[in-house]
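Reader: I am new to this structure and would like a close look at a single part of it, explained slowly and with its surroundings. Please take me through the sheet and what lies around it.

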Amino acid sequence: MITKSDNTYYDVVGIGNAIVDVLAKVGEGFLSERQLVKGGMTLVEAKDAGKIYQDLIPEREICGGSAANTVACLASLGGSPAFIGKVHDDELGQLFKRDIGAAGVDFDTPSLNEGPMTGRSIVLVTPDAERSMFTYLGAAKKLSTADIDENIIKAAKIIYLEGYLWDTYSAQKAMIKACKLAHKHGRKVAFSLSDCSCVDRHRPEFKKIVEKYVDILFCNEEEIKDLFEEQDLYKTLDMIKPHVEIAAVTRSEKGSVIVNGRTQTFVEAEKVTDVVDTTGAGDSYAAGFLYGIIQGRSLGTCAIIGSIAASEVISHYGARPEVSLRGFVRKKLIEYGIRV
């Protein structure tokens, strides 16, 4: 477990794609008429994103990106996070910087002054609350090793990486540099598999990253099955345990299971009366879990905190909390008779 150290300033430094989410509600027909893949994340070019966008009535535009969502939720829980990611110095890039700063996250990565514009993800939410993301990475693809500051990595207890980053070569190099620096300074590396399509694109590389660098792995049930190309969940839980210290596997309404050596801890999902939008559910779960780790909680309690945080995010549109997660989680823990 993580112990407090006088020479760390951040609880978690997230490294990921800096994206502005464009949220819109659509019917099933919107996807089928345009032959758009439902669920998960599809990478698109700027012109394709423009074609989708022109037919929408956006609900809102808000800063997103998987790792950015996680550190924003961590700040709402009362943690001290920072973020490393790349934006352009354009309107959306400035929006991203203002928004993530207002969330309580330090973000000092230099912006691009030329080249691709700030990335954006069109998030289409259907009536069943499923989200389908069509992402133009833009400036996010320009993240490089030069953006990985050793002093920031050294100052964090945990480095959190999103699997989506592996889609560009320069970001791959940046991820490996961050992992090496983290272990050089005795810090933990947490990694999210991000999405089944991402696992399919990079399975051999992801296996190597997990085996060589990762201490805490986040994934859902389908992603870990994809990673090992094994449809029996319980077999995959045995397969992952030699490679990481902790694996947190979410299972939607079935809750989550935490693997720690020979111990497997099953935790029920937090009940949600009305699921509105599942965007960011995994990101907020990771935030709650990591916050529990930082606080020295048991792994079961870490999973409960993660589930509570996710339950708030999926109860409304958008991947960021609309209330203070610290107060929201505290109230729930008191209800359950868990020490706060």
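In which sense do strand β12 and strand β13 pair, and over how many bridges?

Author: This is a predicted model, and what follows should be read with that in mind. Strand β12, which covers residues 246-250, and strand β13, which covers residues 256-260, pair in the antiparallel sense, and four bridges join them. Within this pairing, Ala-248 of the one strand stands opposite Ile-258 in β13.

These two strands belong to an open sheet of nine strands, whose order is β6-β5-β1-β9-β10-β11-β12-β13-β14 and whose pairing is mixed. At its edges stand β6 (106-107) and β14 (263-267), and because each of them has a single partner strand, one side of each is left without a neighbour in the sheet.

Further along the order comes strand β9, made of residues 156-162, which is mostly covered, since seven of its seven residues are buried. Strand β1 (residues 10-15) runs parallel to β9 and is joined to it by five bridges, and in this pairing Tyr-10 has Ala-156 of β9 as its bridge partner. β9 also pairs with strand β10 (residues 188-192), again in the parallel sense and over five bridges, where the bridge partner of Ile-159 is Val-189 in β10. Between β9 and β10 the chain passes through helix α6, residues 169-184, and the β-α-β crossover made in this way is right-handed.

As a general background to the packing, nonpolar side chains in soluble globular proteins tend to be buried together. In this model the largest nonpolar core has 51 residues, and those that touch the most other members are Ile-15, Ile-153, Phe-191, Phe-206, Leu-217 and Ile-240. Helix α6, already met in the crossover, gives the most to this core, with seven residues. If we take Ile-240 and leave aside its neighbours within four places in sequence, we find it in contact with Val-210, Leu-217, Ile-224, Phe-228, Ala-247 and Val-259. Of these, Ala-247 lies within the residue range of β12 and Val-259 within that of β13, which brings us back to the pair of strands where we began. There is also a second, separate core of 47 residues, and among its members are Val-12, Leu-74, Ala-303 and Leu-325.

Ala-303 falls within helix α11 (residues 299-313), whose 15 residues reach 21 Å from the first C-alpha to the last, close to the 21 Å expected at 1.5 Å a residue. This helix is mostly covered, with 14 of its 15 residues buried. Leu-74, in turn, lies within the range of helix α3 (residues 66-77), where Asn-69 is also found. Asn-69 has a relative accessible area of 3% and is therefore buried; apart from neighbours within four places in sequence, its contacts are Cys-63, Gly-64, Asp-283, Ala-319 and Arg-320.

A last residue to examine is Thr-118, whose place is in strand β7 (residues 118-125). Its relative accessibility is 0%, so Thr-118 counts as buried. The side chain of Thr-118 reaches two backbone nitrogens, that of His-88 at 3.0 Å and that of Gly-93 at 3.2 Å. Once its neighbours within four places in sequence are set aside, Thr-118 is in contact with Val-20, Val-87, His-88, Asp-90, Leu-92, Gly-93, Tyr-136 and Ala-139.

Key. Residues numbered from 1 in each chain as written. Predicted model: local features only at pLDDT ≥ 70, side-chain atom pairs only at ≥ 80, totals over all residues. Heavy atoms only, no water. Expected span 1.5 Å × (residues − 1). Buried < 20%, exposed > 50% of the residue type's maximum accessible area, 1.4 Å probe, protein only. Polar contact = N/O pair within 3.5 Å; in protein donor to acceptor, adjacent residues only side chain to side chain. Contact = heavy atoms within 4.5 Å. Pairing = 2+ DSSP bridges. Right-handed = clockwise from strand over helix to strand, strands pointing away. Core = buried A, V, L, I, M, F, W, Y, C linked by side-chain atoms within 4.5 Å.
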